[in-house]
Amino acid sequence: MSSAPVLDHIGIAVESIAAGRAFYEALGLEVSGEEEVPGQGVRVAFLPVGDGRLELLEPTTETSPIARHLARRGPGMHHVCLRVADIREAMRRLAAAGCELLSAEPQPGAHGCLVCFVHPRSSGGVLIELSQPAPSMRDE
Ligand code: CO
């Protein structure tokens, strides 16, 4: 990898963004944008925190991974997202190390990013999202 991954965001599953954002806004954080990601069955809201962000995830379908997470575990921390310069290279390196990836190819994420999730079995019980920014987002 040409450069080490950096923390992009922490994903938090919420029943609704409208209700879930209130706590963070009471702390003085602000929602910078909301977006629907149809491929993942979620609506997301980002709240910048220093160099990173929180991502609130609300399910838009009953079969979305977030709906299943809420049903099994209730609201709470869902994943940690690490930003990489070259997601396919990162996926190759992890696969070569024996890690289990949840998709064979990068998937479209929020803001035009390419994303891939690593199975928590391979990452110490933490669901890890890898994200490669869209070309227009680089160096922002
Ligand atoms: Co995420």
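## Burial at the metal site

A residue counts as buried when its relative accessible area is under 20%. In this predicted model, His9 has a relative accessibility of 4%, so His9 is buried. Glu55 is buried too, at 5% relative accessible area.

## The cobalt ion

Both residues coordinate the cobalt ion. His9 and His79 each donate through NE2, while Glu55 and Glu129 each donate through OE. The distances run from 2.1 to 2.2 Å. Along the chain, the donors are spaced as H-x45-E-x23-H-x49-E. His9 sits in strand 1 (residues 6–13) and Glu55 in strand 4 (residues 52–59). The two are 46 residues apart, and the pair links distant parts of the chain.

What arrangement do the 4 donor atoms make around the cobalt ion? It is irregular, because the angles they subtend range from 85 to 173 degrees. A tetrahedral call needs all angles between 85 and 135 degrees.

## The sheet

The fold contains an open sheet of 8 strands. Their order is 2-3-4-1-5-8-7-6, with mixed pairing. Strand 2 (33–37) and strand 6 (107–108) are the edges, each pairing on one side only.

Strand 3 (residues 42–49) pairs with strand 4 over 8 bridges, in the antiparallel sense. Val49 has Gly52 of strand 4 as its bridge partner.

## Helices on the sheet

Helix 1 (residues 17–26) lies across strands 1, 2, 3 and 4. It runs at about 155 degrees to strand 4. Helix 3 (residues 87–96) also packs on the sheet, where it touches strand 7 (114–118) and strand 8 (128–132). The direction of helix 3 makes about 145 degrees with that of strand 8.

Key. Residues are numbered from 1 along each chain as its sequence is written. This is a predicted model: local features need pLDDT of at least 70, side-chain atom pairs count only at pLDDT 80 or more; totals for chains, interfaces and linings use all residues. Side-chain values use heavy atoms; hydrogens and water are left out. Donors are N, O and S atoms within 2.8 Å of the metal (3.2 Å for Na, K and Ca); water is not among the atoms, so sites may look incomplete. Four donors count as tetrahedral if all angles lie between 85 and 135 degrees; four count as square planar and six as octahedral if opposite donors are over 155 degrees apart and all others between 65 and 115; anything else is irregular. Helices (H or I, at least four residues) and strands (E, at least two) are DSSP runs, numbered from the N terminus. Buried means under 20% relative accessible area, exposed over 50%, partly exposed in between (1.4 Å probe, protein chains only). Two strands pair if DSSP finds at least two bridges between them. Contact means heavy atoms within 4.5 Å. Axes are lines fitted to C-alpha atoms, for helices over the stretch in contact, and angles run from 0 to 180 degrees between N-to-C directions.
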